[in-house]
Amino acid sequence: MVFQERTYSVLLVSASEKLNSTVLPLLPSTDYWPVHTVKSVSEAQRRLLEQSYDIVLINAPLPDDFGLQLAISTCAGSSAGVLLLVHSDVYNEVYAKSVVHGVVTLSKPTSLQMIAQSLRVLCATRERLRSMEEKRLTVEQKIEEMRTVNRAKWLLIEHEGMTEAEAHRRIEKQSMDRRLSKREIAEQLIQTYQT
């Protein structure tokens, strides 16, 4: 892969030593780090509780479960990209059940090139999800700031007899004069009037 700023953490869920020895060379530490390997659904669930991963690659079936529910629940409960490898005789059925949940499914046997390309698609998808998460957090922070400023305005209206426009102007002016954010000024006002 070309030089990149970010590496992608990978959880490989596979009981097949043959597949593991084939896939692990496709995961160089320059692009994928850390890479953890587990052999069952229960081990994977424990790992997913302990740590978040960018990519989860599941080689079905597994000794304690097929792996489809693990794939679906991982997509639902995290922003990880999930690649599910299944035998060709059940591929269509598994694909139909998993695609609506965002699981990428490949039939086995498959080529190394196909697995490598699927991993790159999951990296691109992970970046898109990461960007959306950052935007969501920014929007949530702005909404929280607006709530805090509005609460401070209502305290100024109640305790100082100001109009809403006057309260807003005071918060903005103090923000500029003291070189603090409107949220910081609002939090100080809230603390002042609540004590």
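A residue counts as buried under 20% relative accessible area, as exposed over 50%, and as partly exposed in between. Keep those words in mind for the close-ups below, which come from a predicted model.

**View 1. Tyr91, a partly exposed residue of an aromatic pair.** With a relative accessible area of 22%, Tyr91 falls between the two cut-offs and is therefore partly exposed. Its partner is Tyr95, and the two rings are stacked, 5.8 Å centre to centre with 25 degrees between the planes. Both residues belong to helix α4, and because they are four residues apart there, about one helical turn separates them.

**View 2. Tyr95 in a nonpolar surface patch.** Here we stay with helix α4, which covers residues 91-98 and includes Tyr95. Tyr95 has a relative accessible area of 37%, so this residue too is partly exposed. Together with Val99 and Val100, Tyr95 makes up a nonpolar patch on the surface. The accessible area of these three residues together is about 270 Å².

**View 3. Tyr8 and Tyr32, a tilted pair of rings.** The structure holds two aromatic pairs, and this view shows the one formed by Tyr8 and Tyr32. Their ring centres are 6.5 Å apart and their planes meet at 50 degrees. Tyr8 sits in strand β1 (residues 8-13) and Tyr32 in strand β2 (residues 32-38), so the pair ties together parts that are 24 residues apart in sequence. Are these two tyrosines buried or exposed? Both Tyr8 and Tyr32 are buried.

Technical notes: Residues numbered from 1 in each chain as written. Predicted model: local features only at pLDDT ≥ 70, side-chain atom pairs only at ≥ 80, totals over all residues. Heavy atoms only, no water. Patch = residues over 30% accessible without salt bridge, like charges linked within 9 Å, V, L, I, M, F, W, Y side chains within 5 Å. Areas by Shrake-Rupley, 256 points an atom, 1.4 Å probe, with all protein chains shown as cover. Salt bridge = Lys/Arg side-chain N within 4 Å of Asp/Glu carboxyl O. Helix = DSSP H or I, 4+ residues; strand = E, 2+ residues; numbered from the N terminus. Phe/Tyr/Trp six-rings, centres within 6.5 Å; stacked < 30°, edge-to-face > 60°. Buried < 20%, exposed > 50% of the residue type's maximum accessible area, 1.4 Å probe, protein only.
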